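Colleague: Before I plan any bench work, could you take me through how cysteines and paired strands are read from a model?

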Amino acid sequence: MAKKVAVIGAGVSGLISLKCCVDEGLEPTCFERTKDIGGLWRFQENVEDGRASIYQSVITNTSKEMSCFSDFPMPEDFPNFLHNSKLLEYFRIFAKKFDLLKYIQFQTTVLSVKKRPDFSSSGQWEVVTENKGQEQSSVFDAVMVCNGHHILPHIPLEEFPGIERFKGQYFHSRQYKCPEGFEGKHILVVGIGNSAADIAVELSKKAAQVFISTRGGSWIISRISKDGYPWDMIFHTRYKSMLQDVLPRIVLKWMRNQQMDRWFSHENYALEPQNKNLMKESIVNDELPSHILRGAIKVKSKVRELTETSAIFEDGTVEEDIDVIVFATGYTLSFPFLEDSLVKVENNMVSLFKYMFPPHHEKPTLACIGLIQPLGPIFPTVELQARWATRVFKGLCTLPSEKTMMEDIIERHKKRIDLL
C-alpha cells in the first residue's frame, strides 16, 4: 500500500514535491490555502495574508536554461530571463503535463501538523485542515513543508530611532507593487538585497530622488556575462566546481573578488561588501550601477536616526525631506501550523539537517523543501531536495544519527555567524 504524503503549499516546491512523490509511487495530497498554484510567482494586485507577494515587474535572476526542472525544459520561444507571468506559465504547463492538479486541494488552510501518539513506531502525522469553515483531520505517513520563506515581513523598527516621529509614509517591500503614485517623491530604500535594488531602480524613474541605505554593501552582477551569455551559465560550470574542490580557500576568495569587480569597482560606488568573503547571494541587477552613476540613486550608509522629515546616517550625513521609506529588510521564517518543537528557528536560522530534516525526530518523515538561497537557480536544487526526501520516506535512503546531524547543523551555523 502506497504511503500517504501531505504536501503543504502549491508553489514551486509544492509542485515538484508532488511530481517526485508520484515518481516514487507515493500517494500525495497537496493543501493550498489560495485558489491557484504558483506561490511566490503568481502576481496579485493586492497583498494576500499568508502568501508571498511580488511587485509587477519581477523578472527571474537565473536563466531558463539553468532554472528548468530536470526532465522538463522551458519552451524554446521563452526568453532567457522570464517575467513572473512567463514563469507562472511554465509552472502551469508543468502541472498539466504531469497531471498534478488532481492532487491539490485549493482554498484549504493547514491549521496544525502533529505527531500521532504512536509516532515513534509509525512515523505518522495528524494534519488538520480547514476548507470553507469546515475542519478535517487526516493521517499521513509523511509531510513535506513547502510554504516558503517570503511570507512574514521583517521590519526591525527598534533599529531605527525616531521612526515613531517620522511624518512620511513607510512600509515593507512586500507591500510594493508598482512605481505609480511615487512621482516627485524623495524615497529611502533600506536594504541591499535583490528586492531593494529592483525597487530603488524602478522608483528612481518616477521619483525626484532615491536613496539606498546599506549596512554592509553587496556584490552586484549583471544578467549578461561573457560573450553575452546568461551569467549563471558562465558562473556555474563543472570546471569551476572542480576548482572549488582543489584550490585553497584564500585563492578562491581572491578569484571571486576579482570576478565580482570585473564589471565595475564596487568600492567606487560605495557598494563594496563589508565582508567580501561572505559567500552569500549576489544581487543581480543590470541597471543599478548606471542609475548610481547618473545620480538617480544615491548610496548611503546605515540609518542612525530618523526625524520628522529627514534621515541621519552613520557617516554623519543627513538627507532632508524624505517622503517615503521602503523597508526591504527581508522576512522571518514562520511555520504557523507546526509546534515550535518540530522545527526549531533561532535568529532566523533553522535547525534542519541540510536545510531539510529536523534531526531530533524518531522517524525521518517530515521534510522542509525550499528553505534555501543558493548562489544560482533554486528550482533544480529544490527538485533534488524533493527527490531525496521522497526516497528517505520510502526507506531507500537513510539519514545519519541525530548526533551527526546536529554536529553538521552546529558547524553550518558557526560558519555563518563567523562570516557575519
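Colleague: Why is Cys 368 not bonded to Cys 146?

Modeller: A disulfide is a covalent bond between the sulfur atoms of two cysteines. Here the closest cysteine sulfur to that of Cys 368 belongs to Cys 146 and lies 8.6 Å away, which is too far for a bond; the criterion is a pair of cysteine sulfur atoms within 2.5 Å. Cys 368 is also buried, with a relative accessible area of 1%, where buried means under 20%, exposed over 50% and partly exposed in between, using a 1.4 Å probe and protein chains only.

Colleague: How many disulfides are there by this rule?

Modeller: The count is 0 disulfides, and Cys 21, for example, is in none, since its nearest cysteine sulfur, that of Cys 20, is 7.4 Å away. This is a predicted model, in which local features need pLDDT of at least 70 and side-chain atom pairs count only at pLDDT 80 or more, while totals for chains, interfaces and linings use all residues. Residues are numbered from 1 along each chain as its sequence is written, and side-chain values use heavy atoms, leaving out hydrogens and water.

Colleague: Which strands pair with β10?

Modeller: Strands are DSSP runs of E of at least two residues, helices runs of H or I of at least four, numbered from the N terminus, and two strands pair if DSSP finds at least two bridges between them. Strand β10 (residues 186-190) pairs in the parallel sense with β11 (residues 209-213) over 5 bridges, and 4 bridges join β10 to the parallel strand β18 (residues 324-327). Val 189 stands opposite Ile 212 in β11, and its bridge partner in β18 is Val 326.
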